[in-house]
Each structure stands twice: as structure tokens, then as C-alpha cells.
Amino acid sequence: MKSLASELARRREDHLYRVRRVSDTAQGPEQRINGKSLLSFCSNDYLGLANHPEVVAALQRGAEQYGVGSGSAHLVNGHSTAHHALEEELAEFCGRDRALLFSTGYMANQGVIAALLGRSDTVYQDRLNHASLIDGGLLSRARFKRYAHADVVALKGQLDAQDRGEALVATDGVFSMDGDIAPLPEMAAICRDRGAWLMVDDAHGIGVLGERGEGSLGHFNLGQEDVPILMGTLGKGIGTFGAFVAGPDELIETLIQQARAYIFTTATPPAVAEATRASLRLVQQERWRREHLNSLIRQFRQGAAQLGLPLMASQTPIQPILAGSSEQALAWSQMLEAQGILVTAIRPPTVPEGSARLRITFSASHTEQQVNRLLGALEQLATAGAA
Ligand SMILES: *Cc1c(COP(=O)(O)O)cnc(C)c1O
């Protein structure tokens, strides 16, 4: 048996050790974490809905009506009116035939890829795809090909070389650690031409991009015919919990019959579905949340450029600052924390070796003053010669 202690010690030496912070407060800019008040810039609650009073009230009403536990899987007796209504509303929201709820995005990605592909098929993935897509691809046992980040020419070459079986191309819509948007129109054209499935994981686009928050497909005006498989998560921009897959009727029916990550797990609490329904209404009605968020992003990018910070090419609320080594990323994160600001350091294997970073994220609940405070703290990093 190998020594776990020495493995843990090695992680510590390599600046890769992870520790959990304990928060006493709801999501929001001001959090009390490990007993200390911090201004946080690392949540995925992009629209500030995770603690919205209407969403909280919907959860409470849902619990009064349905209790807490769903009792069983969707295919036994755990599928409630609340789940069913939410699925219909999600389908409508993204302009697709149907939507199917999954317990988490991680499971949705596994469920879809394994349901559609087998050993003689091939899955194609962007190198920077989220770990859940990668794991889903590996679990499906299909042949696995990775192409260079956002490289449609490389993808085309790989698809042309496939000699048998089905092809499925899976990509993040908005890349989770970089914030850039995948070249979806080009990818959709290539996939349509080659008869390959295209699957977009829009965990960071849903709620944030598009006129009504319909995500990166709305941003590019792409429909179900262009991108048949859309996976969205509910725990980020939507502010609640869970995930969904939306697309053509036969896709959803196939997932109900075959996706093991759908079939063999307990349905999420119906009250959470009620909370998500309330949140989904706010996402669509309160356009000011996206407008304010975009103005904060512009403010930050202008300020950071003036400080000479190494910004990445991102128009989304994910605004990473590249540090390089894990040690540097950790040191920056600690310097910010000393000034009362929480931005966690993102290190391998979450990002490739040598590209550790601060992953700064914004939310519609941040104020202009708070963004200025962040810029002030980053200025000190810059003048300390760190950046
Ligand atoms: C967070 C995330 C997931 C996983 O979703 P969960 O609901 O948190 O399991 C999947 N894909 C991407 C790109 C993500 O960022």
C-alpha cells in the first residue's frame, strides 16, 4: 500500500495542496470566511441570485408542499410536478424541444456521452474542457481525441480522419478557467457537414450571455439544428443547484431510457426545482443584472489594463490573471487576502502546468466601488513587483 502521507507531503511541497475555507454567510460580495470578513471575487453566482429573497421564498414554499427529500429516482416515484414544470420552462427558455433535469452538471456530462457513444465511436474534446466532460468521455469508453484549444482547423482534420462509428464533439461554451467563448458557429458548421453530434457545456454562459440569458448559443444565435446537445448547469448563473440537458425529443427520450447518471440516482429535492423556477423568471426579466455585470467587466478590464496586468482575452465575468507557477498564484491570492479580498488561486490539474492563475469573477451583486477596491489591491501587487 502506498504511503498517502508522503503523497500529501509532496503536494504541499509542489504548492498544489488544497484547503477548504469555511463560510458562515450566504453567497454575496461580503462573506465571512474562516471567521474573517472578506470581499469575494471568486463565486460563480454571476447574477447574484443564489440568495435572492424570491428564490429563497420559493424554496421554502416548495418544502412546505413537497417536503425535503424526493424519495427516489425520476423513473420510480421521485419525479414531481415541480421538476416537470421546470423542465418545460427550461425547454422554452432555450428554445428547444425538451429539457431533462440531472442532479449535477458533472453527472449530466457523464450521462450524455456514455448514453450516445460506445467503443467503436469517437469523442472529440477541446484541451481546455472542464474535467466533467473529460471524465464523461473516458467513462464512455469511446475513442478519445483532444484538439488544441478552440482550434477548428485541428478539429476538422481529426474528424476527417475518423474511419468508423459515431462522432461527438464536446466543448465548453464559455471556458471555465479562461472565460473565452468557443468558436461555436464554425464548430456547428463543421459538425453538421461531417454528421457529428455537437455538445455544448454552457455552465458559465447560461444566465450570463444572450438577450434573455439563454447563454452562448443565444449569443451566437444558434439553434437546436446547429447544436443538438446543450448542457446547462443551475448552480452558477442561475444561483440554485442541478443541471439540465436540452435538445431534440429523441435525444431526451434516449437519455431517459439510457443515461445511467440519470437513471441510477435520487431526484433532487422538488423544492430546489421550485427555487430554480423562481430564479429562471428573474434571469429573463431582470435584464439589468447582465447590463450591470457587463459594465463591471468593462470597468475592471480598463483599470487592470492601466495597471499593466496580464489580462486574458475574455468578455465574460471570468477574468483570470495569469501567474504561471502555482507558488506565484498562491502568493498573489495571499497578498489579496491580507487586504481583505478573496480570490482563490487556480492551479494544475484544474489548469495546464505552468498556467496557474488568479480566477477573478464578477457578479451583478458587486458594486462599482467594490471593483475599485479590487483594482486598488491589485495595484499594490503590481507595485510590489509581483505582476
Ligand atoms: C461547474 C461545471 C460543471 C459541473 O457542474 P456541477 O453542476 O457543478 O456539477 C460542468 N461543466 C463546467 C464547464 C463547469 O464549469
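Arg287 is partly exposed in this predicted model, with a relative accessible area of 39%. Its salt-bridge partner is Glu211, and the closest N and O atoms of the two are 3.3 Å apart. Glu211 is exposed, at 54% relative accessible area. The pair links distant parts of the chain, 76 residues apart: Arg287 sits in the loop between H11 and helix H12 (288–306), while Glu211 belongs to the loop between S7 and helix H8 (216–220).

**Other salt bridges**

How many salt bridges are there? The count comes to 16. Let us look at two others. Glu89 and Arg277 meet through their side chains, at 2.8 Å from N to O. Because Glu89 lies in helix H3 (residues 81–93) and Arg277 in helix H11 (residues 270–285), this pair ties together parts that are 188 residues apart in sequence. Glu89 counts as partly exposed, at 26% relative accessibility, whereas Arg277 counts as buried, at 18%.

Arg10 and Asp14 also form a salt bridge with their side chains. Arg10 is partly exposed at 35% relative accessibility, and Asp14 is partly exposed at 33%. These two residues belong to a network of salt bridges that also includes Glu7.

Here are the three pairs in one place:

| Salt bridge | N to O distance |
|---|---|
| Arg10 and Asp14 | 2.9 Å |
| Glu89 and Arg277 | 2.8 Å |
| Arg287 and Glu211 | 3.3 Å |

**The sheet and its helices**

Now for the strands. Seven of them form an open sheet with mixed pairing, and if you trace across it you meet S3, S9, S8, S7, S6, S4 and S5 in that order. Strand S3 (98–102) and strand S5 (143–147) stand at the edges; each has a single partner strand, so one side of each is left without a neighbour in the sheet. On average, neighbouring strands are turned by 20° against each other, direction ignored.

At the S3 edge, five bridges join S3 to strand S9 (residues 243–247), and the two run antiparallel. Within this pairing, Leu101 stands opposite Phe244 of S9.

Two helices pack against these strands. Helix H6 (residues 152–161) touches strand S4 (122–126), S5 and strand S6 (167–172), and its direction makes about 155° with that of S5. Helix H9 (residues 249–258) lies across S3, strand S7 (197–201), strand S8 (229–233) and S9, running at about 25° to S3.

**The nonpolar cores**

Which residues have the most contacts inside the largest nonpolar core? They are Val169, Met187, Phe244, Phe300, Ile360, Phe362 and Leu378, in a core of 74 residues. Phe244 is the residue that stands opposite Leu101 in the sheet. Helix H14 (residues 368–383) gives the most to this core, with six residues. The core draws at least three residues from each of domain 1 (18–47 + 287–383) and domain 2 (53–285).

Met187 is a good place to zoom in. Leaving aside its neighbours within four places in sequence, Met187 is in contact with Tyr147, Val152, Leu155, Val169, Thr171, Ala182 and Leu198. Val169 is another of the residues with the most contacts inside this core.

Apart from the largest core lies another, of 25 residues, including Ile113, Val123, Met231 and Ile263.

Definitions and conventions:
Residues are numbered from 1 along each chain as its sequence is written. This is a predicted model: local features need pLDDT of at least 70, side-chain atom pairs count only at pLDDT 80 or more; totals for chains, interfaces and linings use all residues. Side-chain values use heavy atoms; hydrogens and water are left out. A nonpolar core is a set of buried Ala, Val, Leu, Ile, Met, Phe, Trp, Tyr and Cys residues joined through side-chain atoms within 4.5 Å. Buried means under 20% relative accessible area, exposed over 50%, partly exposed in between (1.4 Å probe, protein chains only). Helices (H or I, at least four residues) and strands (E, at least two) are DSSP runs, numbered from the N terminus. Domain bounds come from an automatic or database domain assignment. Contact means heavy atoms within 4.5 Å. Two strands pair if DSSP finds at least two bridges between them. Axes are lines fitted to C-alpha atoms, for helices over the stretch in contact, and angles run from 0 to 180 degrees between N-to-C directions. A salt bridge is a side-chain nitrogen of Lys or Arg within 4 Å of a carboxyl oxygen of Asp or Glu.
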